Amino acid sequence: MGSELKKLASAILLCVVGLGSATSEAASAQENPPSICAQAKILLESRRFDLADAYAEQCYQLADASREVVIFGHYVRTIALIGLNKPKESLEQLEILMQPAYSESPIYDRRSVGLKYLGATQASIYADAARLSLILNDADKGWHYTEKALKLAAMDPATHIDVAGNVYMLRSRIRASRQDNRGAAIDLARAYIRGSQDPFVLENIKTFPAADQERLDALKARMLSAYSKYLNIFMRTGIVDFSTSDLNKLKAEGDPLFLAIVADEVTYLGPDT
């Protein structure tokens, strides 16, 4: 369980730190988190999880905390608790963010800046909840969260190809545990096409026939090409001299590539069920 948590914490931290560098310096002061919240994130990035946990709790308990500040605090605390090897408590934080009061907010847009920037979306929150549920040996809850994550990811595939890949990997593991070998193999293939680097995917894909591996490699290369167009969208949003029309152009370049790959994937693997 410890290794799974370390892997999850590292993956989330990469998102928080890596995408954070792309935020615009032009963000207004109103978008910056309160001092205690900013300190919590700094402590988190320094892997001082115990202090990050304490500061994040204080963050969302601020008397004048806005909805976005509350979400920010709970999410930072989620990651800190993962780092502290507390999956149950971490999952509880994510489940708070699933409540209607906190499920709709611009803070979940990975392309936003300043306080709006979180490095997570509702889809990725459900994906993290699914992984934590599996760590806690609750496959039924994990399945429920994978289904919800995939539905949310499908609403904005441009910024969720990586999230969908992670979720298909998790669903494949659940199917395998239930002796649904065919379903597990199909989900494994979908995860691989979306660039999953999880050892479960990379090791098991080697058991596929050579012809299937070649076909999956070709689909994966095309998918990552489309994703590179999409990555430019949320990495460049917030840059002053990058207009909305420029972003729409990048999306227009990525959309037909993505849709063509999905169509070929359905022809090869069948519809996603």
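User: How many salt bridges does the count come to in this structure?

Analyst: The structure is a predicted model. A salt bridge requires a side-chain nitrogen of Lys or Arg within 4 Å of a carboxyl oxygen of Asp or Glu. By this rule, the salt bridges number 16.

User: Which parts of the structure does the salt bridge between E57 and R77 tie together?

Analyst: The closest N and O atoms of E57 and R77 are 3.9 Å apart, and the cut-off for a salt bridge is 4 Å. The two residues are 20 apart in sequence. Because E57 lies in one helix and R77 in another, the pair ties together helix α3 and helix α4 (residues 67-83).

User: Is R77 buried or exposed?

Analyst: Its partner E57 has a relative accessible area of 29% and is partly exposed. For R77 the relative accessibility is 14%, and the limit for burial is under 20%. R77 therefore counts as buried.

User: Where do K88 and E92 lie?

Analyst: The side chains of K88 and E92 meet in a salt bridge, with 2.8 Å from N to O. E92 counts as partly exposed, at 37% relative accessibility. The two residues are four apart, about one turn of the helix, and both lie in helix α5 (residues 87-97).

User: How many residues apart in sequence are the parts that D198 and R131 tie together?

Analyst: D198 forms a salt bridge with R131, the closest N and O atoms being 3.9 Å apart. D198 lies in the loop between α10 (181-193) and α11 (199-205), whereas R131 belongs to helix α7 (residues 122-135). D198 is buried, with a relative accessible area of 9%, and R131 also counts as buried, at 7%. The parts that this pair ties together are apart in sequence by 67 residues.

User: Which residues do salt bridges that share partners join into one network?

Analyst: Where salt bridges share partners, they can be followed from residue to residue. The one network joined in this way consists of E147, R171, R175, D180, D187 and D272.

User: What is the orientation of α2 relative to α3?

Analyst: The axes of helix α2 (residues 35-45) and helix α3 (residues 49-60) come within 8 Å and cross at roughly 160 degrees. Angles over 145 degrees count as roughly antiparallel. The orientation of α2 relative to α3 is therefore roughly antiparallel.

User: How many charged residues does the contact of α2 with α3 have?

Analyst: The crossing of α2 and α3 is left-handed. Among the residues making the contact are I36, L43 and L44 of α2 and F49, L51 and Y55 of α3. By class, the contact has 11 nonpolar and two polar residues, while the number of charged residues is given as no charged residues.

Methods:
Residues numbered from 1 in each chain as written. Predicted model: local features only at pLDDT ≥ 70, side-chain atom pairs only at ≥ 80, totals over all residues. Heavy atoms only, no water. Axes fitted to C-alpha atoms, helices over the stretch in contact; angles between N-to-C directions. Parallel < 35°, antiparallel > 145°, perpendicular 65-115°, else oblique. Left-handed = near helix turned anticlockwise from the far one by under 90°. Contact = heavy atoms within 4.5 Å. Nonpolar A, V, L, I, M, F, W, Y, C, P; charged D, E, K, R; others polar. Buried < 20%, exposed > 50% of the residue type's maximum accessible area, 1.4 Å probe, protein only.
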